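Trainee: I should like to request a close look at the aromatic side chains of this protein and at the residues around them. Please give the account as one connected answer.

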Amino acid sequence: MKYFKAGDILLSDFDGVFLDSQKKFDEVMQEERSLEKWMDFLNGINWKTFIRECDFIPGAPDTFITLQELKILQGFLTRIHSFEEGKEKALFLRELGLYVPIYYALIDQPKSLVYPPNRRVILLDDDEKNCEEWEEKKGKTILYNPSEKNTKKIYVKSLKELLK
């Protein structure tokens, strides 16, 4: 496989890599910039309903099931706004047959604090800042970048590329 060497493990972000939750946030909150209104929104979400109303990133379920079967996918590393959100993400993944561990980072907490990076751990994320922080701590990354924004990072524009 092009992106993985023997012994590499993959940790994947959830929002923006597995589910297009940002699109759903944007539909509801549109151009809202008030932190107070965002916090009210996030604290009032029915996370079970919200997660199930989000679209999958194209190819996500099949790709991640295959990567799990190949023992490459070893977990999800996702930010959460509440424990309720974390619980619902876990239930959703389990219902789909994804049984790898789920690691939770709180808002403004570096993912590298939750799971220490090393040269065998690859973070798949859609946020270039998360990738930069991970790499600063000596981890490897793959940026999920479907729009082909200008980047010097290793990236995929389709999750199916991970299986090549």
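Mentor: The account that follows begins with the aromatic pairs and then turns to other residues.

The model is a predicted one. Across the whole structure, a search yields 10 aromatic pairs. One of them joins Phe18 and Phe76: the ring centres are 5.7 Å apart and the planes stand at 80 degrees, so this pair is edge-to-face. The two residues come from distant parts of the chain, 58 residues apart, with Phe18 in the loop between strand S1 (9-12) and helix H1 (21-29) and Phe76 in strand S2 (residues 73-80). Phe18 has a relative accessible area of 0% and is therefore buried. Phe76, with a relative accessible area of 1%, is buried as well.

A second pair to examine is that of Tyr103 and Tyr115, whose ring centres are 5.1 Å apart and whose planes are at 75 degrees, so that this pair too is edge-to-face. Tyr103 lies in strand S3 (residues 102-106), and Tyr115 lies in the loop between helix H6 (111-114) and S4; the pair links distant parts of the chain, 12 residues apart. Tyr103 has a relative accessibility of 24%, and therefore counts as partly exposed.

Phe18 and Phe76 also belong to an aromatic cluster, which is formed by Phe14, Phe18, Phe56, Phe64, Phe76 and Phe92. Two members of this cluster, Phe64 and Phe76, are touched by Ser12. Ser12 is placed in strand S1 and counts as buried, because its relative accessibility is 0%. Beyond residues up to four places away in sequence, Ser12 also touches Val17, Leu73, Gly75, Leu77 and Leu124.

Tyr115 leads on to Val121, since Tyr115 is among the contacts of Val121 outside its neighbours within four places in sequence. The others are Ile9, Leu11, Trp134, Gly139 and Lys140. Val121 belongs to strand S4 (residues 121-125) and counts as buried, because its relative accessibility is 2%. Phe4 is 117 residues from Val121 in sequence, yet the C-alpha atoms of the two are 10.0 Å apart in space.

Trp134, a contact of Val121, is preceded in the chain numbering by Glu133, which is found in helix H7 (residues 128-136). Glu133 is buried but has no salt bridge. Its nearest side chain of opposite charge is that of Lys137, 4.5 Å away, whereas a salt bridge requires a nitrogen-to-oxygen distance within 4 Å. Apart from neighbours within four places in sequence, Glu133 is in contact with Pro110, Lys111 and Ser112.

Aromatic residues also appear in helix H2 (residues 35-44), where the buried residues are Trp38, Phe41 and Leu42. These three cover an arc of only 95 degrees around the axis, and therefore lie on the same side of H2. The face turned away from that buried side carries the exposed residues Glu36, Asp40, Asn43 and Gly44.

The cysteines complete the account. A search of the whole structure finds zero disulfides. Cys54 counts as buried because its relative accessibility is 8%, and Cys131 is buried with a relative accessible area of 0%.

Key:
Residues numbered from 1 in each chain as written. Predicted model: local features only at pLDDT ≥ 70, side-chain atom pairs only at ≥ 80, totals over all residues. Heavy atoms only, no water. Helix = DSSP H or I, 4+ residues; strand = E, 2+ residues; numbered from the N terminus. Buried < 20%, exposed > 50% of the residue type's maximum accessible area, 1.4 Å probe, protein only. Contact = heavy atoms within 4.5 Å. Lys, Arg positive; Asp, Glu negative; His and termini not counted. Phe/Tyr/Trp six-rings, centres within 6.5 Å; stacked < 30°, edge-to-face > 60°. Arc of directions from axis to C-beta. Disulfide = S-S within 2.5 Å.
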